[in-house]
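Colleague: Please take a close look at the surroundings of the ligand in this model. After that, go on to the charged pairs and to a few single residues elsewhere in the chain.

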Amino acid sequence: MKKDIRSYTFEQLQEELLTLGEKKFRAKQIYEWLHVRLADDFSEMTNLPKNLREKLAELYEIREVKMAARQESRLDGTNKFLFELCDGNMVESVLMRYKHGNSVCISSQVGCRMGCRFCASTLDGLERNLTPSEMLGQIYQIQKISGERVSNIVIMGTGEPMDNFENFLTFIQILTDEHGLHISQRNVTVSTCGIVPRMKELAEHNLQITLALSLHGSTQEKRQELMPVANKYQLEEVLAACDYYFEKTGRRITFEYSLVQGVNDREEDARELIHILKPRNCHLNLIPVNPIKERSFAKPSRKSALNFKNKLERSGINVTIRREMGSDIDGACGQLRRRYGTEGSMKEN
Ligand code: SAH
């Protein structure tokens, strides 16, 4: 099988080229074609000698991430993309346009095995991990298709990045490398359901990326109800791992909390949440749950969500309600992919 050339870090590519008996500077040229000019074929690399291009094409592949569908919100310009991978699997990504720049939300796995109760991405379990090139490919294709520069990346689509840890780290390295797209680490956010050993390991890498923890419950019991991963890691351990990340990197943690009506949006939930967050330098992002038809969870009314937010705010917690983007298109994680999978008839628009 041909090697996946877009998954090599700059240093690894240099070594590959030296092994092939090529000069080091060729690595720089090829890396630029792959990660700045976003070439999808070796034939585009016109400043390389023809025989090198041919040699590369024999040994390596530039793994395809091909747009299969696109939905555009009429409300706020949010674009949702469905990409087909080389083995026919599909992943979703989202382009969000904000005043401060474009943000892309990518998937890290095909499916997910974490089983969070309200999430559509996990209903069919995990199919496979994405390679670094397939994570990058989502961003590169969106940049090419939209013709717009992307400045912020969130790894919050389908999948659990800490369950695909090595590939995730390589992806971050390539994404933020000065020879590539050179996205600032501070403009990258990774979201995890709370895999404690990997969170600690990530802290050791001393990156400047933001860590977002999916909290969703303010007690161990409540978390266990919504997230099977909580059976493995106690809330206390998860919070200690967040503290460790903050200590090591100086980066403030973002806590995500999907508000589910009657489940975690009550008075006592707010009280417990304040108890957890008050001593911490953090940000809380409330996400009114996006209902999926397979489950009976409902989102609280706007008024009730605001009420919840105000309670926290009055206690000095830094809190926002996530603005709903693209509410007129398949919003919740994994819904577009599922719809495509079951109906197979979605048209590009
Ligand atoms: N596996 C990672 C990242 C992917 S999910 C994680 O668990 O953090 C990104 C965020 O969206 C998580 O906080 C997740 O719990 C939340 N989420 C998933 N489905 C949702 C839904 N239907 N409504 C609201 N939030 C949802």
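Modeller: Glu256 has a polar side-chain atom 3.3 Å from an oxygen atom of the ligand. Glu160 also takes part through its side chain, where an N or O atom is 2.9 Å from a nitrogen atom of the ligand. At Gly159 the backbone is involved: one of its N or O atoms lies 2.9 Å from a ligand nitrogen. On its own the ligand has 530 Å² of accessible area, and the protein covers 94% of that. The elements that contribute two or more residues to the shell are β10 (188-192) and β12 (253-259). These distances and areas belong to a predicted model.

The shell can also be described by its members. There are 17 residues around the ligand, and those that come nearest are Gly159, Ser191, Ser214, His216 and Asn290. Sorted by class, the shell consists of eight polar, seven nonpolar and two charged residues.

Cys193 shares some of these names among its contacts. Cys193 sits in the loop that runs between β10 and α6 (196-204). Its relative accessibility is 5%, so Cys193 counts as buried. Apart from neighbours within four places in sequence, the residues in contact with Cys193 are Met114, Glu160, Leu213, Ser214, Arg223, Met227 and Val229. Of these contacts of Cys193, Ser214 is among the residues that come nearest to the ligand, and the side chain of Glu160 has the 2.9 Å approach to a ligand nitrogen. The C-alpha atom of Cys193 is 19 Å from that of Asp265, with the two positions 72 residues apart along the chain.

Next come the charged pairs. The model has 23 salt bridges. One of them joins the side chains of Lys144 and Asp40, with an N to O distance of 2.6 Å. Lys144 belongs to helix α4 (residues 132-146) and Asp40 to the loop between α2 (24-35) and α3 (50-59), so this salt bridge ties together parts that are 104 residues apart in sequence. Both ends have some exposure: Lys144 is partly exposed at 37% relative accessibility, and Asp40 is partly exposed at 31%.

Another salt bridge is formed by the side chains of Asp243 and Arg280, at 2.8 Å from N to O. Here, too, distant parts of the chain are linked, since Asp243 is in helix α8 (residues 235-249) and Arg280 is in the loop between α9 (267-277) and β13 (282-288), 37 residues apart. Asp243 is partly exposed, at 28% relative accessibility. Arg280 is also partly exposed, at 23%.

Glu267 and Lys311 make a further salt bridge, in which the closest N and O atoms are 3.4 Å apart. This pair connects helix α9, where Glu267 lies, with helix α10 (residues 302-314), where Lys311 lies, and so ties together parts 44 residues apart in sequence. The two ends fall into separate accessibility classes: Glu267 is partly exposed at 48%, whereas Lys311 counts as buried at 17%. Some salt bridges share partners, and in this way Glu61, Arg63, Asp87, Arg128 and Glu134 are joined into one network.

Two buried residues complete the account. His35 is found in helix α2, and its relative accessible area is 0%, so His35 is buried. The side chain of His35 has a polar contact of 2.7 Å with the side chain of Tyr140. Tyr140 also appears in the contact list of His35, which leaves aside neighbours within four places in sequence and further includes Arg6, Tyr8, Leu136, Ile174, Gly180 and Leu181.

Ser73 is located in the loop between β3 (65-72) and β4 (79-85). With a relative accessibility of 4%, Ser73 counts as buried. Its side chain makes a polar contact of 3.2 Å with the side chain of Asp76. Beyond the neighbours within four places in sequence, Ser73 is in contact with Thr78, Gly326, Asp328 and Ile329.

Conventions: Residues numbered from 1 in each chain as written. Predicted model: local features only at pLDDT ≥ 70, side-chain atom pairs only at ≥ 80, totals over all residues. Heavy atoms only, no water. Salt bridge = Lys/Arg side-chain N within 4 Å of Asp/Glu carboxyl O. Helix = DSSP H or I, 4+ residues; strand = E, 2+ residues; numbered from the N terminus. Buried < 20%, exposed > 50% of the residue type's maximum accessible area, 1.4 Å probe, protein only. Near = heavy atom within 4 Å. Polar contact = N/O pair within 3.5 Å; in protein donor to acceptor, adjacent residues only side chain to side chain. Areas by Shrake-Rupley, 256 points an atom, 1.4 Å probe, with all protein chains shown as cover. Nonpolar A, V, L, I, M, F, W, Y, C, P; charged D, E, K, R; others polar. Contact = heavy atoms within 4.5 Å.
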